[in-house]
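Could you walk me through this model in the viewer, one selection at a time? I would like to know what to click on next and what is there.

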Amino acid sequence: MDQSRSSTPPSTAAESSATVAADGRRPEQSAVSPVRRGFASFAASLQQGFGNFQAFLVGQAKMMSARNEKESSEADLRTAKMQVEAADAAEDTKKRLEKSN
């Protein structure tokens, strides 16, 4: 009886967790990874939205306090610049996420 038990190794939790999917990742990682990427992408989009909102508020405040047309146009340019910077930062974050795959 002892020989029949020792001929078949017992299955362990370590063996089952070492199972690898066809694409080279563990099954639990393949299901979680797209969710994490999606969440990170969503967070980058939210950050861009907050940056746009901040640019809008700063621009409106500068326009209201502008003494002449030159200051008003500078405030408008600053708003546009801040919006572009927010969009660029979000785009860079999303590209970095795609690259890490």
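Here is a short tour, from the whole chain down to single residues.

**The whole chain.** Start with everything selected, and keep in mind that this is a predicted model. Colour by secondary structure and you will find 4 helices and 0 strands, so to speak an α-α-α-α order from the N terminus on. Now switch the colouring to pLDDT: the mean for the protein chain is 80, and 67% of its residues reach 70 or more. Helix α4, residues 69-99, has the highest mean pLDDT among the elements, at 94, while helix α2, residues 13-17, has the lowest, at 46.

**Residues 12-18.** Select this stretch next. Here pLDDT stays under 50, and the model has 3 contacts for these residues beyond four places in sequence. Please read the placement of this stretch with that confidence in mind.

**Surface and contacts.** Turn on the surface for a moment. The protein chain exposes about 8300 Å², and carbon and sulfur atoms supply 56% of that area. Buried residues make up 9% of the 101 residues. Of the contacts with a separation of 6 or more, 54% are between residues 24 or more positions apart.

**Thr 79.** Go to helix α4 and pick Thr 79. Is this residue buried or exposed? Thr 79 is buried, because its relative accessible area is 13%, and the cut-off for buried is under 20%. Show its surroundings and leave aside the neighbours within four places in sequence: Thr 79 is in contact with Ala 55, Phe 56 and Gly 59.

**Asn 52.** Cross over to helix α3 and select Asn 52. Its C-alpha lies 8.4 Å from that of Thr 79, although the two are 27 residues apart in sequence. With a relative accessibility of 25%, Asn 52 counts as partly exposed. Which residues does Asn 52 contact, once neighbours within four places in sequence are left aside? They are Gln 83 and Ala 86.

**Ala 43.** Stay in helix α3 and move to Ala 43. This residue is partly exposed, with a relative accessible area of 34%. Draw a distance from its C-alpha to that of Thr 93 and you should read 9.7 Å, for a pair 50 residues apart along the chain.

**A nonpolar patch.** Select Phe 39, Phe 42, Leu 46 and Phe 50 together, and show them as a surface. These four make a nonpolar surface patch of about 490 Å². Click on Leu 46 for a closer look: it sits in helix α3, which covers residues 27-65, and at 40% relative accessibility it counts as partly exposed.

**The salt bridge.** Finish back in helix α4 with Lys 95 and Glu 91. How many salt bridges does the structure hold? There is 1, and the side chains of Lys 95 and Glu 91 meet in a salt bridge at 3.3 Å, N to O. Side chains of opposite charge can pair when their charged atoms come close. Lys 95 and Glu 91 are 4 residues apart in helix α4, which means that about one helical turn separates them. Glu 91 is partly exposed, with a relative accessible area of 41%.

Notes
Residues numbered from 1 in each chain as written. Heavy atoms only, no water. pLDDT = per-residue confidence, 0-100. Helix = DSSP H or I, 4+ residues; strand = E, 2+ residues; numbered from the N terminus. Contact = heavy atoms within 4.5 Å. Buried < 20%, exposed > 50% of the residue type's maximum accessible area, 1.4 Å probe, protein only. Patch = residues over 30% accessible without salt bridge, like charges linked within 9 Å, V, L, I, M, F, W, Y side chains within 5 Å. Areas by Shrake-Rupley, 256 points an atom, 1.4 Å probe, with all protein chains shown as cover.
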